[in-house]
Amino acid sequence: MHPFRSVLAAALVGLMALTLSPVASPASADHHNGAAPGPIHAGNTFGWYQHGVFRQEFIGPKPGYWKKSGRGIVRTQNGMLTLMTTRKGSVAATLDLPGHTYGRWEIRMRARRMDKTQGGKDYKVVTELVPAGSRDQHCGGRDIGVQNFTVGTNTVKSYVHTLPNSSYRGFHGRHLKNDRWHTYAVEVAEDHISWFVDAHVINTERRPEALDPVRRQLRFELRARDGATMHPARMQMDWMRYWTMRAPNERSIKAPPFELSSFPAAC
């Protein structure tokens, strides 16, 4: 064989071996354990996987501990937890398990408006940590907002509400329209709360007044305006994760604090 051809053949063999060899990383492990392919997320970027994870892939029938409330449909569809609205009222799915005071929660989700007719209002797409079980909901006064945006807009809000009526909140621009996937995460610790969008830490709040220790659980909601006719909407979660705080963050979570506002709806 010509020497040049021998060198070229050897290079091609090496390239094929490099391409086909598995790479051991949290991201690849996550995919092979059943998660849908997608962007790198906070769980593997910040090293939360070291001590186990509670995971939901939404393959097969909807587990009974996802409780529906309101008008509309909650079901699993093509490996996603799917919420579908009518033209009136809200629909929600709450994880009916004991919940946690501290830990990390992350989701991969998308949403879209399902029609283009005139005259209706757009739903809010909301993921929150709410007081678990039979604890007083205080009309949202102790909720932590993982993400909150109106269908058709490109600004996502995150927040923590504390009693009697405070709201620590932040806003982040993202392309959110019609089925754009994004990952959202929140880390709730004894001395801080941090929010993440697409594996980037966005805000870290450390003021003691914002740190409200209560056992919480995850809720997804398409939220209607009271009494309004709405444009039907769909919200889909590809997966969700929960980790404890046992694993230290492998990257800095330094980020700006929230702005302090009020939440007059608290009761």
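Before we start, one convention: Ala, Val, Leu, Ile, Met, Phe, Trp, Tyr, Cys and Pro count as nonpolar, Asp, Glu, Lys and Arg as charged, and the others, Gly among them, as polar. Keep that in mind for the pockets. Also, what you see is a predicted model.

Let's open with the second largest pocket. By those classes, its lining has five nonpolar, four polar and three charged residues. The space inside is about 150 Å³. Who lines it? The list is Lys67, Thr94, Leu95, Asp96, Leu97, Val130, Pro131, Ala132, Gly133, Gln137, Gln217 and Arg219. Three elements give two or more residues each: β5, β7 and β14.

Stay with β5 for a moment. This strand covers residues 91–95. Is β5 mostly covered or mostly open? Mostly covered: four of its five residues are buried. Now look at its partners. Strand β2, residues 66–70, pairs with β5 in the antiparallel sense over five bridges. In that pairing, Trp66 stands opposite Leu95. Strand β14, residues 216–223, also pairs with β5, again antiparallel, over four bridges. There, Thr94 stands opposite Arg219. You have met three of those residues already: Thr94, Leu95 and Arg219 are in the lining of the second largest pocket.

Next, the largest pocket. It holds about 340 Å³ of space. Its lining has 17 residues, and the closest to the centre are Glu128, Gly140, His161, Arg223 and Phe263. Which elements give two or more residues here? They are β7, at 124–131, plus β9, β10 and β14. The largest share, three residues, comes from β9. By class, this lining has four nonpolar, six polar and seven charged residues.

Now to the interior. In soluble globular proteins, nonpolar side chains tend to be buried together. Here, the largest nonpolar core has 44 residues. Which of them touch the most other members? Trp66, Leu81, Leu83, Met109, Tyr184, Val186 and Phe220. Strand β15, residues 233–243, gives the largest share of this core, five residues. There is also a second, separate core of ten residues, including Trp48, Tyr49, Val201 and Trp243.

Let's zoom in on Leu81. Leaving out residues up to four places away in sequence, Leu81 touches Phe58, Lys62, Trp66, Val74, Arg75, Thr76, Ala93, Phe220, Met235, Gln236 and Met237. Two names there should ring a bell: Trp66 and Phe220 are on the core list too.

On to enclosed space. How many cavities of 30 Å³ or more does a search of the whole structure find? One. The volume of the largest cavity is about 70 Å³. Its lining has 13 residues, with Val146, Val156, Ser158, His172 and Val197 nearest the centre. The elements giving two or more residues are β9 (155–162), β10 (166–173), β12 (193–197) and β13 (200–205). The classes are eight nonpolar, four polar and one charged. Note that β9 and β10 were also among the elements lining the largest pocket.

Last stop, Gly152. You will find Gly152 in the loop between β8, at 144–150, and β9. Why is Gly152 called partly exposed? Because its relative accessibility is 42%, and partly exposed means between the 20% and 50% limits. Along the chain, Gly152 and Tyr123 are 29 residues apart. Their C-alpha atoms are separated by 9.1 Å.

That's the tour. Thanks.

Key. Residues are numbered from 1 along each chain as its sequence is written. This is a predicted model: local features need pLDDT of at least 70, side-chain atom pairs count only at pLDDT 80 or more; totals for chains, interfaces and linings use all residues. Side-chain values use heavy atoms; hydrogens and water are left out. A nonpolar core is a set of buried Ala, Val, Leu, Ile, Met, Phe, Trp, Tyr and Cys residues joined through side-chain atoms within 4.5 Å. Buried means under 20% relative accessible area, exposed over 50%, partly exposed in between (1.4 Å probe, protein chains only). Contact means heavy atoms within 4.5 Å. On a 1 Å grid over the protein atoms alone, a cavity is a set of points where a 1.4 Å probe fits but cannot get out, and a pocket is an open set with protein on both sides within 12 Å along at least five of seven lines; lining residues have an atom within 4 Å of a point. Grid points are joined across faces, edges and corners, and a volume is the space filled by probe spheres set on the points. Two strands pair if DSSP finds at least two bridges between them.
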